[in-house]
Amino acid sequence: MTAKYVYRFGGGESEGSADMKDLLGGKGANLAEMAKLGIPVPAGFTITTEVCTHYDQNDKTYPDALQADVQAAITHMEEVMGRRFGDPEKPLLLSVRSGARASMPGMMDTVLNLGINDEIVRGLEAANPRAAWDCYRRFVQMYGDVVMDLKPVLKTEMDPFEAIIEDVKREQGVTQDVDLRVEDLMELVQRFKARIEERTGKIFPDDPHEQLWGAISAVFGSWQNDRAKVYRRINKIPEHWGTAVNVQAMVFGNMGDDCATGVGFSRNPANGAGGLYGEYLVNAQGEDVVAGTRTPQPLSKLRDAMPELYSQLDNIVRKLEDHYRDMQDIEFTIEHGRLWMLQTRNGKRTGFAACQIAVDMVEEGKVEPADALTRLVPDANALDQLLKPVFDPESINKAKTEGRLMAKGLAAGPGAASGKIAFNAEDAVAMAAKGEPVVLVRVETSPEDIRGMEASQGILTARGGQTSHAALVARQMGKVCVAGCSDLVVDYARGKMTAGGMTVKAGDYLSIDGFTGEVFTDRVKVMPSEVKQALFGNGEAAEQARQSHTFLAFQRLLEWADQHRTLGVRANADQPDQAAEAVVYGAEGIGLCRTEHMFFGGDRIMAVREMIVATDHFGREHALEKLLPYQRDDFAALFKAMGIRPVTIRLLDPPLHEFLPHSKIDVLHLAKSMHVDPEVLSQKLRSLREFNPMLGHRGCRLGITYPEIYMMQVRAIVEAAIHVRKHDNIDCLPEIMIPLVCHRKELAILRHQAEDLIAETMAAAGVQFKIPIGTMIELPRAALTADSIATDADFFSFGTNDLTQTVFGLSRDDSGRFLPDYLEQGILPDDPFVSIDQEGVGALVKIGMQQGRKANPTLKVGICGEHGGDPQSVHFFHKTGLNYISCSPPRLPVARLAAAQAAILYPA
Ligand code: PEP
Ligand code: MG
């Protein structure tokens, strides 16, 4: 541990800098950097994240030297600001805020206006009595909640402080907070303190130093609160990072009409459009803007109201964006006509904005394409958002003509959502667990709602602006969000909501448009996004979509990605339409065609069942004869769709149980088609039942026991390829892949049989071309003995789904029941079926690849498990040195981007 716990900034001095985020947290590091750049920042200091770790690990105590360091830093602040902490004559008030390495909006605690008591408030009164008492009232309220822990006891209970405010307003006959008089604010302070004492048994501290240490401890302690933990889990923020604490001189946006406070972005975080964008409130404190309790004004109004300050702010924001070379999210306060910057950080943005900003910044000459691509690392899934559905115009028009437009709010998170109404997070979670689409409706969201937001398709709030908690968190989660819909009257107690003369109840359908802010009763049909229309549509609308900013940015990014990536990208596709889709998404081949998926359509399933339950070779051959033409046609169609791109066809890997009839009627049906006695068939079915089908008679084991099945498939592949080459003049490139190999002899035997049949079929047709034969590596034994297996393989493709299942001994089908607890408790950082477990499964991938290439230097190595579409896993596969990944077609844009990022970040 370093011995320096406290870093000062302000007054022309700055001990930290932007590259010290690990130690100072994002907020602290950027405050230090702004002070360094000469930007007006109220003086303050940051207590490091190492102190948080010390506090957590040492029974909530601090390193010995901390107290003296904090005192020295306060003295420095007093000198710079010309005020004294605890001095009634010229009091210095402080803000105490959290600030981790990654931003965690609203998840941890903050205390503002600290350092005030009955005596000190008198010192502030001289400047503005109402503001002085308003500060005091806010401080007691915030401190009482955060530090002294006075919270509602029951879920249905109102916030205790808000309840007192409501009482006083009623007694005074006023409806708005701003109508409360100085005497009323004094009354509030007294009643707040009394309620705290009555409910917690603790006396409110008057000593500013005691207040400060109480707040510091509460902020460090809030790293471990429930909502921060959930947020960390969702956003994969490590537990051990800890938060820093920033103590800073208060500046006041609530001292009169020449004061204001606001938040802004250097570009629009919803769509990426250039120019200062944000909101502010006159005569208010920062929390009023973010908390969503008053709906703020757009910053364009500040330009008219305070032109000079606006232009100062605009210049600073531009300077910050140029300095950080990324879109900035800022907070500011104007105190009696003087501008202070309180925060800057790289701004959170929607997928649309992320893509647009990345492309625009390259075009403006601010960054290189490689920078733009790597800046999208946290937003690698952004491209997915561009493929998200929107409302179907016909369905929307119908909703409008039927008068179902209920209200309009702020378009805060793009996309279209239609789902059942939940009025609280708990109900949203319960409804989602039943598989129902949910729209969470709240007056305003608070960090406690995070689980409900995660479970919902869309979020609708009555209060709050673009930068309210709901909007910020929804955008980050990629959720559809309409915020600040002030016409809504939400009645939690009766489970209903009214607007525009319409009333809807909990459980009713509601549709919200995160592009326009419109709210409709009932369902509205959704349809493909602009980018999807541009890629796949025909006609005028598609043509228009192809000219759209969003589509052009999408294309440009992917062009750059393709220029940088070294990993090949293929698709997992079994049907010609999927193959065609894959080509549009940039597939360079098919990495996995699961042939068993080709058997579900039409009459095929009956023939497959006949084949499985056949009692002898003759019966099986009979069923296979029926299947051969289907397979040949299916393969030919796939080859035509893929042209000269390689197509890896995996021989049958059926978990047999998936194909067998379960209901009595299906058994009867099959018996009839096979001309066998239903009882005999039932008996056969019982004999085929496996205790653990995933580890049973599947994959190449089937080819070993019934070679005729695999050979039918090989024949179909070769004949289809010959046909397409001859009749369609396409030099198609089939590859044959053998699944679930665990021993070199399995592959050797099956390869030998296949090669003979290929040679024979080609000779009969008078053609000659190469059909590579490879294997999947999806069992630990295969990875560990990959050198011997590789001598019979032209390629390996890691089946990381089965490899994960078998390395963990964790059933693919059953893990959903307990894996969430493993993630919740931090035993595993991610679901290993989504993001590759680099330590375990990844180690076997490395071993398998290295051993394989050692024995066979020309071996091509890919991966075709679900991990091929996960950005974090793609980075790992690139670093490991694989040749290609293969994933589902719609994940290809994300995979291409992730592959490029990996190539730039980890050059060979
Ligand atoms: C795998 O196991 O990773 C794989 C791609 O095969 P399947 O998912 O079909 O078992
Ligand atoms: Mg598998």
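Here are a few friendly notes on a ligand site and a strand in this predicted model.

1. Start with the surroundings of ligand 1. There are 13 residues around the ligand, and R594, G799, N801, D802 and R812 come nearest. By character, the shell divides into 6 charged, 4 polar and 3 nonpolar residues.

2. Next, look at individual contacts. Which backbone atom lies 2.7 Å from an oxygen atom of ligand 1? It is a polar one belonging to N801. Two side chains also reach oxygen atoms of the ligand: a polar atom of R650 lies 2.9 Å from one, and a polar side-chain atom of E778 is 2.9 Å from an oxygen atom as well. The protein buries 96% of the 290 Å² that ligand 1 exposes when taken alone.

3. Now see where the shell comes from. Strand 26 (590–594) and helix 33 (800–808) are the elements that give two or more residues to it. Helix 33 supplies the largest share, with 3 residues.

4. Turn to strand 28, residues 733–738. Is this strand largely enclosed or open? Five of its 6 residues are buried, so the rest of the structure largely encloses it.

5. Strand 28 has partners you can trace. With strand 27 (residues 646–650) it pairs in the parallel sense over 5 bridges; in one of these, V647 is matched with P734 of strand 28. Strand 29 (residues 773–777) also runs parallel to strand 28, joined by 3 bridges, and here I738 stands opposite T775.

6. Finally, follow the chain from strand 28 through helix 30 (residues 744–765) to strand 29: together they make a right-handed β-α-β unit.

Definitions and conventions:
Residues numbered from 1 in each chain as written. Chains lettered and ligands numbered in written order. Predicted model: local features only at pLDDT ≥ 70, side-chain atom pairs only at ≥ 80, totals over all residues. Heavy atoms only, no water. Near = heavy atom within 4 Å. Polar contact = N/O pair within 3.5 Å; in protein donor to acceptor, adjacent residues only side chain to side chain. Areas by Shrake-Rupley, 256 points an atom, 1.4 Å probe, with all protein chains shown as cover. Helix = DSSP H or I, 4+ residues; strand = E, 2+ residues; numbered from the N terminus. Nonpolar A, V, L, I, M, F, W, Y, C, P; charged D, E, K, R; others polar. Buried < 20%, exposed > 50% of the residue type's maximum accessible area, 1.4 Å probe, protein only. Pairing = 2+ DSSP bridges. Right-handed = clockwise from strand over helix to strand, strands pointing away.
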